[in-house]
Amino acid sequence: MRSTRKSALVAGAAFAVLFASACGGGSGAGDASGGDKSGGGDEVKTIKLVAAEYSKDNTKAFWDAFAKTYKEKTGYTLEVQVVSWDNIDQQSSTMIQNNQAPDILNLNAYASYAKDGLLHDASTVLPDSVKSDILETFVKYGTYDGKFYGFPDLSSARALFYNADLFKQAGIAAPPKTWTELEEDAKKIAALPGGNAGYALPLGPEESQGEFSMWLFNNGGAWKDGDSWAINSAKNVETLTFLKKLTDAKLTQNNPARTNRADAFDLFKSGKAGMIVGFSPLAAALDADKKVNYVVAPFPSNDGSDSKTFGVTDYLMAFKKPGNEKAVKAFYELYYQPDQINTFIEKEGFLPVTKTGVEKFKSNDKLKVYLDTLPNAQLTPTDDPTWDKVKLAVQQNLGGAMGGDPKAVLDTLQKTAESQK
C-alpha cells in the first residue's frame, strides 16, 4: 500500500502508535494453468502466493511459517515469493500479461483485474464466516460490480499529530476541532521564534491524493458521487482553496507542491512543524528518536462535526486458475483465523481489517484514536478500475493549485477522470 507500506498504503511501526504485490511463475510447475494436478481429478495441490514485503524482519518470516502451518492443516502446499514494493507493480503486471499469474497476489489495487474477469469472488473462495468478520468498510471498497473481490490483508488510518511542546509555547491548550481553530493554531506556531511551520503540508507527487483525501473527507467531500467522478465538486474546491490559503499565509513549510510525505515527516521529526497528518511510520520514527513530544488526535473537520479518517488497505486477491478453488479457499480460511491475521498485523505494525481484530487491539490505549474511526474509514475509490490512472494525475498535478487556481486544477483532474475507460 503506498499509503501504508514501509516506503509507505501503507509503512508501519509496531504498536507504539499503530496505524499505516509481485512476481513469479504459475502454481506448482510454474505454468499458467494451475500447477500440480493430483488426486481429485484436476484439483490443484500446490498454489503460489506472491506477497509484498512490508518489512524485512517480519514479512518473509510470517509467510514461511504460514506455509508450514497451511501444509500441516490442509495438506496443500503453498509456494511463497516475497517481493519488494518497489518492484511489485511492474513485476505483477508482466506476470499477468504473460499468463503466469500466481494463485494469490498481494497488491494495493484489484478492480482492473476484477473487471477483466481474472479473479475469484467471495462466493467461490471466501468462507461465509470470514466475510462476516471483515469490517463493512473494507467489504464496500473491495466490491466491484456487486461482487466482493478485494480481500483485505491489513489496514492503516490517519490522524493529526501535533508537537505538544510547540503547542505549549504558543499557548494552545488543546488540539483543533475545526479548520478555523487549526488555522489559528498554525498562526500562533508560525509566529514563534525559530521559523516553525504551523502545519506541514505534503502535496508533492509521492502521495498528494492521501493528504487531500484526509482534508476533503473532513469537509463532506468525496472523489466520486455514486458512479460519477466528483473531483471538482464545490466541497473539494473549498477544501483545496483552504489549503492554498494556509500556504499563501506562510503557515506551512515552503513549497508544499514539491514536498513529499517523507519530507514533511522529516520536518515534524526535527521539531520544526506544529501539526501534520501522520500514521505508524511517523510514530515509529518519533518513538525511536525520542526528540519530539508528540500527541495524536482526531483530525479536525471543517465544521466541527465528527472526525473522518482516511483509510488504506492492501488486498490478497485470488486469480482464477483451473482447479485451484479448494486450495485457495483453504488459504483464506486459515489466514483470517485471529491467531494468523492478527499476528501478521501486529508484527508489521498496522491496523486490523476484521471485527475480531478490532476487539483484540482495542485494549491498547494508543490505538484508540484509530480504532474508533476505522470501522467508518473512507478510502480512495479503489473499487474503480480507472483509479490508478486518476491517482497518478492527481499526484502529478494537485500541488500545482498552491501556486495557481484550485478550481482550475480540479476541473482539469475531473476531465482526466471522465476520459478514462
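**Domain contact in a predicted model**

Between domain 1 and domain 2, the count of residue pairs in polar contact (both at pLDDT 80 or more) is zero. A polar contact is a pair of N or O atoms within 3.5 Å; within protein, one must be able to donate a hydrogen and the other to accept it, and residues adjacent in sequence count only if both atoms are side-chain atoms. This is a predicted model: local features need pLDDT of at least 70, side-chain atom pairs count only at pLDDT 80 or more, and totals for chains, interfaces and linings use all residues. Residues are numbered from 1 along each chain as its sequence is written, and side-chain values use heavy atoms, leaving out hydrogens and water.

**Domains**
- Domain 1 covers 45–156 + 312–376, and domain 2 covers 159–308 + 384–419; the bounds come from an automatic or database domain assignment.
- Their contact (heavy atoms within 4.5 Å) takes 10 residues from domain 1 and 11 from domain 2.

**Domain 1 side of the contact**
- Helix 3 (111–115) and helix 16 (368–371) each give two or more residues to the side that touches domain 2.
- Helices (H or I, at least four residues) are DSSP runs, numbered from the N terminus.
- Helix 3 gives the largest share, three residues.

**Confidence**
- Mean pLDDT, the predictor's confidence in each residue from 0 to 100, is 90 for the chain.
- Of the residues, 90% reach 70 or more.
- Over residues 2–41, pLDDT stays under 50.
- Where pLDDT is low, the predicted coordinates should not be read in detail.
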